[in-house]
Amino acid sequence: MRVYNDFDLKLYNSYRVNSKCRTAYFPENENDLVELYTSNKEYILLGSGHNIILSKDYYNENFIIFNGNYDAVEVDVHSNVISAEAGATILEVSEAAEKHSLAGVEFFYDIPSSVGGAVVMNAGTKEGETKNVLQKVRYLDLIDMCIKEKVNEELELEYRNSIFQKQKDKVILKAWFQLSSGNQSKIRRIMNESKERRWSKQPREFPNSGSVFKRPPGCFVGPMIDELGLKGFTIGGAQVSKKHSGFIVNVNNASGSDIIEIIKHTQSKVKEKYNIDLEIEQRII
Ligand SMILES: Cc1cc2nc3c(=O)[nH]c(=O)nc-3n(C[C@H](O)[C@H](O)[C@H](O)COP(=O)(O)OP(=O)(O)OC[C@H]3O[C@@H](n4cnc5c(N)ncnc54)[C@H](O)[C@@H]3O)c2cc1C
């Protein structure tokens, strides 16, 4: 297991905010995780860091990071099931599926995420969500330090939510995805079209963490923010994207508090005009 002190988190959060932590651990297997939690119960968990806002310049805490480690992906061609460890990317899962002509995770291709993060967030696009393909999850339960498994129906998967957001004392180790036989070139076409469509709408040229807010029932966040004239609204180095107002982008060395200030301002303006409480999708750490 790799361990670093005074670790620079800039490349481990997709907003590219400058931040450091006391120690960062990159576990390679279940034993590493059990060992870490046996010696200390307090860690901040990061997957690939694409849905977080780092609010502090320095964390006097220890991080466990799943990003380029603990990332095996296996395909069982008899059952059409792909299993993947928490630190694998869902892009890798979608490419393994395509390679074996398995359909169902084409929408994973362009969502930047670890497997653990995708389960926590029930990541999805309008083409599908993790809930549709997730068969079961293996996790370390910090209450009794036992490794357990839960099947889809027990995971309280709903729009950008799961049991793992409500119960922070569980660390996802591995997930299994049930896919179906498909046509390889059709699968590849869906993946490519999804990526093309999304890149044409999203501000991929600046660091960001995807949609800032959850979609309130019956309306879209982007158009509401546009109507309020907040497109391009800037605090410090953070800005409401000029390309897609549902995103905040780091245009000039933004800090976590610049991003959080924009969020608070937007929430209060939306409340004032539409009487809607916008809920943040991103996790403030
Ligand atoms: C350009 C862009 C486009 C995006 N498009 C989409 C989209 O279409 N749909 C969508 O749903 N999201 C989208 N997102 C948001 C993001 O990709 C997803 O939320 C993703 O699932 C986050 O995964 P992550 O590994 O980066 O998690 P992180 O951001 O690292 O962590 C998210 C949360 O999960 C927890 N966590 C991570 N790993 C574990 C683990 N192993 N065990 C327990 N808890 C864990 C963390 O503590 C944190 O609370 C987008 C982001 C970007 C930057």
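These legends walk through several close-ups of one predicted model. Residues are numbered from 1 along each chain as its sequence is written, and side-chain values use heavy atoms, with hydrogens and water left out. Because the model is predicted, local features need pLDDT of at least 70 and side-chain atom pairs count only at pLDDT 80 or more, while totals for chains, interfaces and linings use all residues.

**View A. The domains.**
The domain assignment splits the protein into domain 1 (2-65), domain 2 (73-201) and domain 3 (221-284). Such bounds come from an automatic or database domain assignment. Look at domains 2 and 3: their C-alpha centres lie 29 Å apart. Seven residues from domain 2 and four residues from domain 3 make up the contact, meaning heavy atoms within 4.5 Å.

**View B. The largest nonpolar core.**
Here you're looking at 35 residues, with Leu9, Phe63 and Ile65 touching the most other members. A nonpolar core is a set of buried Ala, Val, Leu, Ile, Met, Phe, Trp, Tyr and Cys residues joined through side-chain atoms within 4.5 Å. Buried means under 20% relative accessible area, exposed over 50%, and partly exposed in between (1.4 Å probe, protein chains only). Elements giving two or more residues include β2 (20-26), β5 (58-65) and α8 (256-274). The largest share, five residues, comes from α8. Domain 1 (2-65) and domain 3 (221-284) both chip in residues, so this core lies between them. As for the element names, helices (H or I, at least four residues) and strands (E, at least two) are DSSP runs, numbered from the N terminus.

**View C. Ile65 and another core.**
Zoom in on Ile65: not counting residues up to four places away in sequence, Ile65 touches Phe7, Leu9, Tyr12, Ala24, Tyr25, Phe26, Pro27, Leu46 and Gly47. Apart from the core that Ile65 belongs to lies another one, of 28 residues, and Val105, Ile111, Ala123 and Val137 are among them.

**View D. The shell around the ligand.**
The ligand is surrounded by 34 residues, the closest being Gly47, Ser48, Pro112, Ser114 and Gly124; a residue counts as near if one of its heavy atoms lies within 4 Å. At least two shell residues each come from β3, α3 (115-121), β9 (124-125), β13 (170-178) and β15 (208-211). Helix α3 supplies the largest share, five residues.

**View E. Atoms facing the ligand.**
A polar side-chain atom of Ser114 sits 2.6 Å from a ligand oxygen atom. A backbone N or O atom of Ile172 lies 2.9 Å from a ligand nitrogen atom.

Note on methods
Polar contact = N/O pair within 3.5 Å; in protein donor to acceptor, adjacent residues only side chain to side chain.
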